[in-house]
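These are my notebook entries on a single chain. I set down what I looked up and what I found.

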Amino acid sequence: MSIRVQAEDFDVGQQMARLTDGNHAIGGVAVFVGLVRDLAGGSEISAMTLEHYPAMTEKMLAEIEAEAKERWPLEASLIIHRYGRLEPGDQIVMVATASAHRQAAFEACEFLMDWLKTKAPFWKLEETEEGAQWVDARDSDDTAAARWVKKDPDAAE
């Protein structure tokens with residue numbers, strides 16, 4: 001398991017090679033790479049600044065990653081999240097999961113990304129022609145993450 005929060009860009013190919021190097025139990029790898037878009041809500045974005053609280057961010061990412069490891073038989077995983085000022089087309093995040101079987105890799109990758117979007121303490125400031133604005137949490141992100149909430153079988157419905 002590996003987590004990195006960094007200002008520097010990353011090379012997806014190099015990261016994939018490191019993730020799978022020498023582990024022949026891996027039968028499938030799922031990867032998500034998020035990029036800065038040039039539009040949001042109809043406004044053109046010239047840049048986005050991502051801020052975080054270092055100790056809190058790494059702790060939360062470690063908790064999210066540990067939960068993925070409990071839920072799926074992962075051979076390896078990787079979360080890289082950038083901070084600082086980024087421009088359209090720049091890479092923001094890479095989430096990769098490796099497992100003996102593709103379904104576990106796909107599901108774990110989706111889980112990590114959904115929970116990263118809703119639980120990880122990152123704040124986004126978008127620069128537009130109208131000025132800079134902090135991005136609010138999106139209901140669609142919460143809806144996506146809700147499917148991963150464990151149901152208590154003893155709870156009354």
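Entry 1. Surface patches.

Which residues form a negative surface patch? I worked from a predicted model, and there I found the patch to be formed by Asp38, Glu44, Glu129 and Glu130. I then looked up the place of Asp38, which is in the loop between strand S2 (28-35) and strand S3 (39-40). Its relative accessible area is 45%, so I recorded Asp38 as partly exposed.

Which residues make a nonpolar surface patch? I noted Tyr53, Met56, Trp123 and Trp134, with a patch area of about 470 Å². Of these, I followed up Trp134, which lies in strand S9 (residues 131-134). Trp134 has 47% relative accessibility and therefore counts as partly exposed.

Entry 2. His52.

I looked up His52 next and found it in strand S4 (residues 43-52). Is His52 buried or exposed? With a relative accessible area of 15%, His52 is buried, because the cut-off for buried is under 20%. I also listed what His52 touches, not counting residues up to four places away in sequence: Val5, Thr57, Tyr83, Pro121, Phe122 and Trp123. One of these, Trp123, also belongs to the nonpolar surface patch of Entry 1.

Entry 3. Ile45.

Ile45 also lies in strand S4. I recorded a relative accessible area of 4%, so Ile45 is buried. Which residues is Ile45 in contact with, leaving aside its neighbours within four places in sequence? I found Arg37, Asp38, Leu39, Ala40, Pro88, Glu126, Glu127 and Thr128. Asp38 in that list is one of the residues that form the negative patch. I also checked Ile45 against Glu129, another patch residue: the C-alpha atoms of Ile45 and Glu129 are separated by 7.7 Å, although the two residues are 84 residues apart along the chain.

Entry 4. Salt bridges.

How many salt bridges are there? I recorded a count of five. I describe some of them below.

Arg82 forms a salt bridge with Asp9, and the closest N and O atoms are 3.5 Å apart. This pair links distant parts of the chain, with the two positions 73 residues apart in numbering: Arg82 is in strand S5 (residues 74-82), and Asp9 is in the loop between strand S1 (2-6) and helix H1 (12-20). The partners fall into separate classes of accessibility: Arg82 counts as buried at 9%, whereas Asp9 is partly exposed at 47%.

Glu67 forms a salt bridge with Arg71, the closest N and O atoms being 2.6 Å apart. Why are Glu67 and Arg71 separated by about one helical turn? Both are in helix H2 (residues 54-71), and they are four residues apart, which means about one turn of the helix. I noted Glu67 as buried, at 19% relative accessibility, and Arg71 as partly exposed, at 23%.

Glu87 forms a salt bridge with Arg85, where the closest N and O atoms are 3.3 Å apart. I recorded Glu87 as partly exposed, with a relative accessible area of 42%, and Arg85 as partly exposed, at 49%. Which residues are linked in a network of salt bridges? I found Arg85, Glu87 and Glu127 in the network. Glu127 had already appeared in my notes as a contact of Ile45.

Key:
Residues numbered from 1 in each chain as written. Predicted model: local features only at pLDDT ≥ 70, side-chain atom pairs only at ≥ 80, totals over all residues. Heavy atoms only, no water. Patch = residues over 30% accessible without salt bridge, like charges linked within 9 Å, V, L, I, M, F, W, Y side chains within 5 Å. Areas by Shrake-Rupley, 256 points an atom, 1.4 Å probe, with all protein chains shown as cover. Salt bridge = Lys/Arg side-chain N within 4 Å of Asp/Glu carboxyl O. Lys, Arg positive; Asp, Glu negative; His and termini not counted. Charge placed at Lys NZ, Arg CZ, Asp CG, Glu CD. Buried < 20%, exposed > 50% of the residue type's maximum accessible area, 1.4 Å probe, protein only. Contact = heavy atoms within 4.5 Å.
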